[in-house]
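This report covers the internal cavities of the model shown below, followed by one residue in a helix.

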Amino acid sequence: MPGELEQQLQEVGSKLEAPPSNKDALVKLLKQAATCLSELDQSPPASILEAMQPFLNAIVKPVFLKHQDKDVKLLVATCICEITRITAPEAPYSDEVLKDTFQLIVGTFSGLKDTSGPSFGRRVVILETLAKYRSCVVMLDLECDDLVNQMFSTFFDVASDDHPENVLSSMQTIMIVLLEESEDIQEDLLLAILSVLGRNKSDTPKRLAMNVIKQCAGKLEAGIKQFLVSSMSGDSRPENSQIDYHEVIYDIYRCAPQILSGVVPYLTGELLTEQLDTRLKAVQLVGDLFALPGSSNTEAFQPIFSEFLKRSTDRVVTVRMSVLDHVKTCLLSDPLRAEAPQLLSVLCDRLLDYDENVRKQVVAVICDVACQALNSIPVETLKLVAERIRDKSLLVKIYTMERLAEVFRVYCLRSSGGSVDHNEFDWIPGKILRCFYDRDFRSDTIESILSGSLFPTEFSVKDRVRLWVRVFSGFDRVMMKALEKILEQKQRLQQEMQRYLSLRQMHQDGDAPEIQKKVLFCFRVMSRSFAEPTKAEENFQILDQLKDANVWKILTNILDPNVSFHQACSSRDDLLKILGEKHRLYDFLSTLSMKCSYLLFNKEHVKEIFLEVAVQKSSGNAQYTQSCMDILGILARFSPSLLGGTEEELVNLLKDDNEIIKEGVLHVLAKAGGTIREQLAQSSSSVDLVLERLCLEGSRRQAKYAVHALAAITKDDGLMSLSVLYKRLVDMLEEKTHLPAVLQSLGCIAETATAVFETRESEIVEFIKSKILGCGNKKVESEASWDDRSELCLLKIYGIKTLVKSYLPDKDAHLRPGIDELLGILRNMLSFGEMSEDLESSSVDKAHLRLASAKAILRLSKHWDQKIPVDVFHLTVKTPEISFLQAKKLFLSKVHQYVKDRLLDAKYACAFLFSITESKPLDFEEEKQNLADIIQMKARQISVQSDANSSTAYPEYILPYVVHTLAHHSCPNIDECKDVKAFELVYRRLYLIISVLIHKDEDVKSEASNNKEKESISPIISLFHSIKCSEDIVDAAKSKNSHAICDLGLSIIKRLSQKEDDTQEMISSVSLPPMLYKPYEKKEGDDSQVSFLLESFNLFWLSQIYESLDSVEVKVAHSLSLLGWM
């Protein structure tokens, strides 16, 4: 075999001495040579080398090296490549010849682009040979720098995904070998590598370059650093500017981040530069770096990371937004990364950014991350996000609500799958419900979330009910009230819509003008349920003209309480498809159909709730059992038709031994009994007896509901049943058995069946007065706590409640006689803590009775406000002065609740001032906030009322009651008292109410802020001047006190406004409450004591009084900062 190869090589060599002119013959000859050479091993015997010599000499002749035919050139290159392999490590040719041969070999690599061509395999062989035997190193010895650069550029140019792995690895090996063997890396060679980096460059060449950089990091580090530093400083050559150095940094960070350690200070400098474009690009780059999957924030890069996070407070919104975008990407790539707490902290700080788009973006980032990895976001962080529901920007408010609903939806899916803990996010629906009280939202916005996007669409009614039960158990009173209001509005709209559809049918049968008037009235009523009533009324009129019978059929169907949840959903979808998105009524009918439907709760929900009651009872979960019954109670009140068909279940549950269930069923019967009366009678004939027994022997709450249930389920409104029951109840009074329930039932009968109650009213009143209220109790001389009230005290409270209920019947309360006697009893209770001063009892009992009496006055004021004497009003608002803190908090909470629910006149807010005491003058933050809440609510009511001409409607009208009460109960007699400090408490209380009134609009931005303040101050000044020109009707001697207090008030206004405006211009004529003041004719000398007081305050208040006070807060800054309102 070796002999044949020697012979063949000699023949080929001799033939190439005079090469054939025919191309095909030459190609054939070269192929034969290539084949022979490929069969030879490296460093063959001398005889073979001698036989090869003619061929070695011939193949490098210019005629072959410079041949024009590409096939010939490729074969020549193949042969030469094999020769260099065989003769290695010895060079087969002189340096000059070798340069030409490498020029030829490198030239063949451009053909690697054509992977499907016939010569691709031969080119690959050349490439692999060069890589395997490292013959490319000779190029360095020959100083073929340009050729090396050309080869690198060729590799990057031809590399593609079509290449098999061996091709790319060979290219990579050749480049790594050349770089590692080079003494110095030429700049042009470095640029050739860096030029293919960047996210906008081809993936394969870029990957090839990154692998090379990774392997040769040590060799390339200095050159890359020099390139980057010169690029950042602007000192680079013009041709370098074509390379985006930010993109270079990005890819180098991915493959060899250690190279960039020397560039950190320069990149940090770009983050701090004043040039916006550079700073923004640097932020984007650094954000991209740290967002890379698996990116680790090493110590070397900590300065950049820290400065990047600081850019979240950049003065330019675009920069801050960019930081947020990249923080989002970081967290999405790895929500549990080590830097996550830092990133979340930055996000939370930006929740209060002054730009609404930034705040919105923060909400988006946190919610996006939460939706991807719910456990990665702490619940407290999401609660901070939820506060943006109260944002000043409507854009942020609505967006936050939608995203919270989305988070809850994801939570529902994950919790059902067991991947997250239950209850962690159950607070979200309640937070959304609270938005009902935000003036920027309407009930349809909230209902749309609750009905449509809060729960996953794939959830069954059973799943929804379980969630509702769980969520409902965490609702506070505000959330509960919001849901009730939504259902109440929904009920009103459904009833009015049913009425309209009936009228429409009648109108089609006969065109009666009277019917048309009723239809228009229906439109006006229904339009009030929409955000824009005027536009809604127009839309109703347009709707009335629609002739499509399917539209009316669907609307009728949607209003049917027997329609299933999925039928209601599909009917609504069908309605909107009929109209099409471009129809002018599309949005209107979308809202109308949602508000009229039973999507929120329907009969399927009710059925599942009853099943859930059994489940929760068997598991012993009292909280969720209560939740089930509470939901049923609300539905019974606002959607009683949904309880149809559940009569048998109700009767069975009524006989249950579980008190929570029994009480809940009673509540349901009390509210829905009238609707399901007939079916209930068919289900059971013993319901009446059960209810009567509970009225006599049940708990007070059971007795209350049982009386109302009896009235509801009988045709005569319970008159016959209640008459029989009433007789038994009155007879039981003398027996003194089950008195709490008996008194409760009597009071409820007085509310629901006044005529029945009045038949034996005198017996009941006498019993309560003599046998309960008139009884004394031995004093307990010890430090009793609030919970140590006696049983007799409790009975007295029940007796008071019964008497109060008798004057609050469901109808015609004002026709009830004898209210003065009850008010007299309550006056004594408020004054002495007992019905008479002679009765003995403990301080705890007296405090409880004073509180119960004050709350009674609050309830009576709804119908009997004009009958309540001024002194009783004074005693009532002074209730916070009770020595027990619980009494103060309970009473003020009730005042706040009643005023917000519009059940109580705002004048009772005077009570909040009496929470300021001499012992703890500053310990009233919650009360201060509730007072401000009431004042702001009254101000909002005025702003939306079309006719607010009555001065009594304004929040400032509370001032005459404040002045009058302070004059009678807080202010020393100015004719006798010369000690300025004695007026300190008056000043504190007066300061609080004035500051709240002046700053009631401080949360609303206005271009005319000065005018706003002037508008707030003007009525206050006018009221003070009117009082100064009036006389106290109750006690004329107290008039001077009132006048002095008014002067103090004017002094406070002057300090609060910090303006020297002429207040005379602000004075206008205002009326005062006629039960408090009457016009007064001033006499000579009347101003003397008042002038003394005012002068004393002006001269000595700061120097004489404040210096004597121990409180540090009082000494700070200014007297007007005393209560923290400036």
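## Cavities and a buried glutamate

The second largest cavity has a volume of about 40 Å³. The model is a predicted one, and the count comes to three cavities of 30 Å³ or more. For the largest cavity the volume is about 40 Å³.

The table sets out the two cavities with their volumes and the classes of their lining residues.

| Cavity | Volume | Nonpolar | Polar | Charged |
|---|---|---|---|---|
| Largest | about 40 Å³ | eight residues | no residues | no residues |
| Second largest | about 40 Å³ | six residues | two residues | one residue |

**Linings.** Around the largest cavity the lining consists of I249, L260, V263, V264, L267, L289, F301 and I304. By class these residues are eight nonpolar, with no polar and no charged residues.

The second largest cavity is lined by L450, S451, F455, R464, W468, F565, L599, L600 and H605. Two helices, α24 (443-453) and α25 (461-472), each supply at least two residues of this lining. Its residues divide into six nonpolar, two polar and one charged.

**E612.** Helix α32, residues 603-619, holds E612. Is E612 buried or exposed? E612 counts as buried because its relative accessible area is 6%, and the cut-off for buried is under 20%. With its neighbours within four places in sequence left aside, E612 is in contact with R466, V469 and C628.

Technical notes. Residues numbered from 1 in each chain as written. Predicted model: local features only at pLDDT ≥ 70, side-chain atom pairs only at ≥ 80, totals over all residues. Heavy atoms only, no water. 1 Å grid on protein atoms, 1.4 Å probe; cavity = no way out; pocket = protein on both sides within 12 Å on 5 of 7 lines; lining within 4 Å. Points joined across faces, edges and corners; volume = space filled by probe spheres on them. Nonpolar A, V, L, I, M, F, W, Y, C, P; charged D, E, K, R; others polar. Helix = DSSP H or I, 4+ residues; strand = E, 2+ residues; numbered from the N terminus. Buried < 20%, exposed > 50% of the residue type's maximum accessible area, 1.4 Å probe, protein only. Contact = heavy atoms within 4.5 Å.
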